[in-house]
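Please look through the structure shown here with an eye to its interior. The paragraphs below take up its nonpolar packing, a pocket and its charged pairs in turn.

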Amino acid sequence: MAAKSDGAAVSLQNEIKPVCQPGPEHRSPQYHLAGKRYSVLDCCWTLCALLVFFSDGASDLWLAADYFLRRNYWCFAPTLVFVVVPSLVVQVLSFRWFAYDFSDTNGSDTAAAAVVAASGAESHFSTKGSDQQGAGRSAAAEALPATGTRTRAQSCCRACVWLFQSLVHILQLAQVWRYVHALYLGVQSRWRGDHERRHYYWRLMFESADISMLRLLEIFLKSAPQLVLQLCIMVQANQVLPLQGLSASASLISLSWMMASYQKALRDSRDDKLPMSYKAAVVQMLWHLFTVGARTMAFALFASIFQLYFGIFIVAHWCAMTFWIIQGETDFCMSKWEEIIYNMMVGIIYVFCWFSVREGPTRCRLVLYSLIVLAENVALTAAWFLYRGPRTSDFYAVVVVCVVACSYALGSFFMFVYYCLLHPDGAVTGGVLGCCMVEDASVAPLEPSVVASPASGPPPDLVSSPPRTLQRTKGGDQGQGGGEGQGGGGGGGDVFQVRPAPGATRTPAPRLTPRTEGPVIRIDLPRKRYPAWDAHFIDRRLRKTILVLESAAPVTPRIQYRCLGMPKELMEYETTV
């Protein structure tokens, strides 16, 4: 069975494998990473993200120091813990990623295979004859220097990089370095030539994915608990210190910013999804700003009186949300245990706000989650209002309740604005809002299997016309996935045809003009469905392969995932590989 942990193989085997090819009308230049350009807005967005990161961390440390100077050690200890512990976790994970990316453990074999693929695509090498194989290996040997021939200067340079990265992570500045590196890659992709621009943009997208995942982990380990803690302290003390308000505001802005930034980075990385505009990202940030603000205020009010019951409520809500996520069978990670840990982390996110983890009728699940959160907020706030202490006046209590209600109402308003006007997939129609059974536009209710035609000739040595990345299509679109064979006699025929559903009328698949330019990376894994990251973004070995191929080939590589067929065919395929 194909191992998930190392799904980075570049396929050059003479095997008949299903190839899904959408028609030309389904390929838009805006979906290709190679066709995108780094803009001034992208640079400003990254600079604002740096500002949000510094303001969040600096305000928390300043507040912790203020608690210490006031000898308020009971507030100082948890405030400092929610700053230091999440930062250490993120630094360890970031350094682990750097160590793997910078090491040479997989370098020679993976890179050589990548360069062979590039040479074969451009010089028409194949794997049929020994002569061509030898030519491919010689091309790889010329393009890739041996690992053991590293000079003394190179070794010294690598040692300096290791020392610099170790110092950066010890100083808890991994996110800052990655943001600066993303700015550098973006500027280079804008100023360099065409081929170098594409290479830098590939690296920029990979760096953006790393930043998004690290920051998402950090805000729900640091910013969200810190926000609840400071609000609870303010409610119990019945006063708001300036530093407390500054810290709580910075944590809330950081949390809402990263939720919007994560979704934008994820959509920008997927060529089967329309990118999110900055206007939509700002509206989504306002959506999370007000809904999470109301949620954390309800938590703080309830926790200021019922500490034990608040802990029980949080654990119960987390367990219920985690079970709901696991029941949805997510597919984000490359192994089963990583998937379980990921589901548990998403359960923490669901304690505070909505986070899409499964493709399908998202709006219905969002409405259900919003109703649950609304009921919980009403119950928590009502319990505080009924059992509040005598120090809290009725006027103050009514004002607090109105703030919670108005904040959640504003968040819901911006949520409807996002889905009705600014969603990348288009505005929500009345039929979708009224009926939850309408599927998302990118989901196919039934995907027909793709089988090899018995009348076809031998398969071509290289994929003739795959997209840069495999696009998921609906049932009607897969009918355009036929290609032309290249047999030994020169005759062409349909290599693949679509098996229609039972009772349907079989129609011949239209032919496409073959495209043979550029290297192709064939990944022996089915493509992960949105809202998951593609495998070449989360599998570091596969990422290294793509970057080596991108730098070695004069043409931007195209990535092709295994096409899912019928369940029986998929099971047979996986058990024989």
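What follows is a reading of a predicted model, beginning with the nonpolar core.

The largest nonpolar core has 102 residues, and those that touch the most other members are Leu-216, Phe-220, Trp-287, Phe-299, Tyr-350, Phe-355 and Val-357. Helix 7, which spans residues 194–237, supplies the largest share of this core, with 18 residues. Apart from this core lies another, made of eight residues that include Leu-63, Ala-64, Phe-76 and Leu-229. Phe-299 can serve as a view into the packing: once its neighbours within four places in sequence are set aside, Phe-299 is in contact with Val-228, Phe-310, Phe-313, Ile-314, Val-351, Phe-352 and Leu-380.

The second largest pocket encloses about 1100 Å³ of space, and of the 30 residues that line this pocket, Leu-93, Trp-97, Met-213, Cys-333 and Glu-338 lie nearest its centre. Two or more lining residues come from each of helix 2 (73–102), helix 7, helix 11 (336–352), helix 15 (535–538) and helix 16 (540–552), with helix 11 giving the most, seven residues. By class, the lining comprises 22 nonpolar, one polar and seven charged residues.

Helix 2 also holds Gln-91, which counts as buried because its relative accessibility is 4%. Leaving aside neighbours within four places in sequence, Gln-91 is in contact with Val-168, His-169, Gln-172, Leu-173, Ala-174 and Gln-175.

Turning to charged pairs, the model has 20 salt bridges. In one of them, Arg-178 pairs with Glu-207, their closest N and O atoms being 2.9 Å apart; since Arg-178 lies in helix 6 (residues 174–191) and Glu-207 in helix 7, the pair ties together parts that are 29 residues apart in sequence. Arg-178 counts as buried at 8% relative accessibility, and Glu-207 counts as buried at 10%.

Another salt bridge joins the side chains of Glu-376 and Arg-295, at 2.6 Å from N to O. Glu-376 belongs to helix 12 and Arg-295 to helix 9 (residues 278–303), so this pair ties together parts that are 81 residues apart in sequence. Both Glu-376 and Arg-295 are buried, and, beyond its neighbours within four places in sequence, Glu-376 is in contact with Phe-313 and His-317 as well as Arg-295. Salt bridges that share partners also join Asp-101, Arg-178, Glu-207, Asp-210, Arg-540 and Arg-543 into one network.

A further salt bridge brings together the side chains of Arg-270 and Asp-272, at 2.8 Å from N to O. Arg-270 is buried, with a relative accessible area of 1%, and Asp-272 is buried as well, with a relative accessible area of 12%.

Notes
Residues are numbered from 1 along each chain as its sequence is written. This is a predicted model: local features need pLDDT of at least 70, side-chain atom pairs count only at pLDDT 80 or more; totals for chains, interfaces and linings use all residues. Side-chain values use heavy atoms; hydrogens and water are left out. A nonpolar core is a set of buried Ala, Val, Leu, Ile, Met, Phe, Trp, Tyr and Cys residues joined through side-chain atoms within 4.5 Å. Buried means under 20% relative accessible area, exposed over 50%, partly exposed in between (1.4 Å probe, protein chains only). Helices (H or I, at least four residues) and strands (E, at least two) are DSSP runs, numbered from the N terminus. Contact means heavy atoms within 4.5 Å. On a 1 Å grid over the protein atoms alone, a cavity is a set of points where a 1.4 Å probe fits but cannot get out, and a pocket is an open set with protein on both sides within 12 Å along at least five of seven lines; lining residues have an atom within 4 Å of a point. Grid points are joined across faces, edges and corners, and a volume is the space filled by probe spheres set on the points. Ala, Val, Leu, Ile, Met, Phe, Trp, Tyr, Cys and Pro count as nonpolar, Asp, Glu, Lys and Arg as charged, and the others, Gly among them, as polar. A salt bridge is a side-chain nitrogen of Lys or Arg within 4 Å of a carboxyl oxygen of Asp or Glu.
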